[in-house]
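Hi,

Here is the structure I promised to pass along. Have a look at it first, and my notes follow underneath.

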Amino acid sequence: MNDTIRNTGDLLALSGGYWSACALHAGVKLDIFTLLAVRSCRGAEAAAAIGADARGTIMLLNALSALGLLEKNSDSFSTTPFSARYLSKSSPDYMGHIIMHHHFLMQSWKDLDRSVRTGAPLRGHEARNTDETEHESFLMGMFNLAMLLAPKVAEGIDLSGKRRLLDLGGGPGTYAIHFALKNPQLHAVILDLPSTRKFAEKTIARFGVADRVSFVDGDFTSEQIGESFDAVWLSHILHGEGEKECGAIVAKAFGALEPGGDIMIQEFILDDDKSGPLFPALFSLNMLLGTDSGEAYSGSELAGMLTSAGALEIRRLPVELPNGAGIIRGCKQRD
């Protein structure tokens with residue numbers, strides 16, 4: 001069931017919700033959580049450490065305390081256990097990259113009405129790639145999210161009989177890596193643009209699976225993607241394309257399968273009437289702002305793409321994921 005706005009208080013909280021987001025973004029951008037995870041500081045001391053104004057810093061620290069992201073004791077501030085784990089750069093679970101990615105998206109979101117009027121995006125891949133900080137936030141942010149989900153996904157998908165998996169548009173290959181870790185017999189190929197190779201190879205080496213996970217340069221929207229795979233994984237790549245283009249990508253991926261192979265699509269999946277869940281509905285607007293024809297798709301639309309490609313036994317897997325994400329699996333008929 002969708003959340004319902006029931007009174008003016010709810011309405012105003014919704015309208016001003018970006019205030020809280022901006023306070024969080026500022027705290028991450030100024031690296032306040034890394035500082036306060038090491039030691040508690042008074043406001044003026046924290047301001048001096050980050051090179052900021054004392055008055056403004058104290059206001060921000062108070063707001064972050066009100067949000068439950070900092071603890072205040074007398075005039076001193078420190079991180080909570082949660083913020084120390086996820087918002088300090090010294091933590092291996094640091095989530096600041098995806099938060100900064102959200103920060104960079106805000107410029108386009110504030111002008112959403114323009115995109116709705118024209119049907120045209122307000123940002124594009126070209127603009128993102130010209131700013132190294134913004135591009136790094138995008139790549140590392142996707143890595144943040146995948147690291148949260150990939151172990152659970154790998155645990156919930158049976159690949160015990162599979163030998164070769166293609167991770168299409170897999171970026172750093174986080175899913176391919178975790179599939180390989182879970183399935184010792186599996187060899188995986190990550191196919192993505194050359195700009196992601198360095199990051200992917202570093203991640204592969206970090207997990208010690210370079211003997212079973214490799215990276216291949218390629219553009220899955222315009223180039224051939226190889227063949228002889230018995231599993232293909234498409235994670236969050238279809239929402240960047242229009243329905244016709246998605247159908248072509250799915251058909252190409254399906255064509256790379258050996259008979260009896262499986263194709264798996266992970267996306268933020270809308271209900272068939274597209275009025276929910278909330279996150280996929282909002283994410284579809286994010287695609288309006290950033291792509292020419294991308295959007296979030298319903299389960300029936302994704303199943304239709306698989307059916308058109310020739311897939312059989314199409315079903316949504318019972319893997320519980322956040323934000324309306326889901327996995328739809330189909331198979332190729334055996335000879």
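Strands S2 (residues 70-73) and S3 run antiparallel and are joined by four bridges. Keep in mind while you scroll around that this is a predicted model. The S2–S3 hairpin has two residues between its strands, and serine 74 there takes a positive phi near 60 degrees. Across from phenylalanine 77 in S3 you'll find lysine 72.

S3 (residues 76-79) also pairs with S1 (residues 41-42), again in the antiparallel sense, this time over two bridges. Here cysteine 41 is the residue standing opposite phenylalanine 77. So if you want one residue to center the view on for this part, phenylalanine 77 has lysine 72 opposite it and cysteine 41 opposite it as well.

Next, a couple of single residues I looked at.

Histidine 101 sits in helix H7, which covers residues 96-109. Is histidine 101 buried or exposed? Its relative accessible area is 12%, and buried means under 20%, so histidine 101 counts as buried. Leaving aside residues up to four places away in sequence, histidine 101 touches Ser137, Phe138 and Met142.

Glycine 119 is in a loop, the one between helix H8 (112-118) and helix H9 (125-130). Its relative accessibility is 41%, so glycine 119 goes down as partly exposed. In case you want a distance to check your setup against, the C-alpha atoms of glycine 119 and phenylalanine 220 are 25 Å apart in space, while the two residues are 101 apart in sequence.

Now the chain as a whole.

There are 15 helices and ten strands in the protein chain. Its radius of gyration is 22 Å, close to the 20 Å the globule rule gives for 335 residues, so the chain is as compact as a globular protein of that length. If you're setting up a box, the C-alpha trace spans about 75 × 45 × 35 Å along its principal axes.

Of the 335 residues, 45% are buried. Taking contacts between residues at least 6 apart in sequence, 68% of them join residues at least 24 apart. The chain exposes about 17,000 Å², with carbon and sulfur atoms supplying 54% of that.

On charges, I get 31 positive and 41 negative ones, and their mean positions are 4 Å apart.

That's what I have for now. Shout if anything looks odd on your side.

Cheers

Definitions and conventions:
Residues numbered from 1 in each chain as written. Predicted model: local features only at pLDDT ≥ 70, side-chain atom pairs only at ≥ 80, totals over all residues. Heavy atoms only, no water. Rg over C-alpha atoms; globule rule 2.2 N^0.38 Å. Buried < 20%, exposed > 50% of the residue type's maximum accessible area, 1.4 Å probe, protein only. Contact = heavy atoms within 4.5 Å. Areas by Shrake-Rupley, 256 points an atom, 1.4 Å probe, with all protein chains shown as cover. Lys, Arg positive; Asp, Glu negative; His and termini not counted. Charge placed at Lys NZ, Arg CZ, Asp CG, Glu CD. Pairing = 2+ DSSP bridges.
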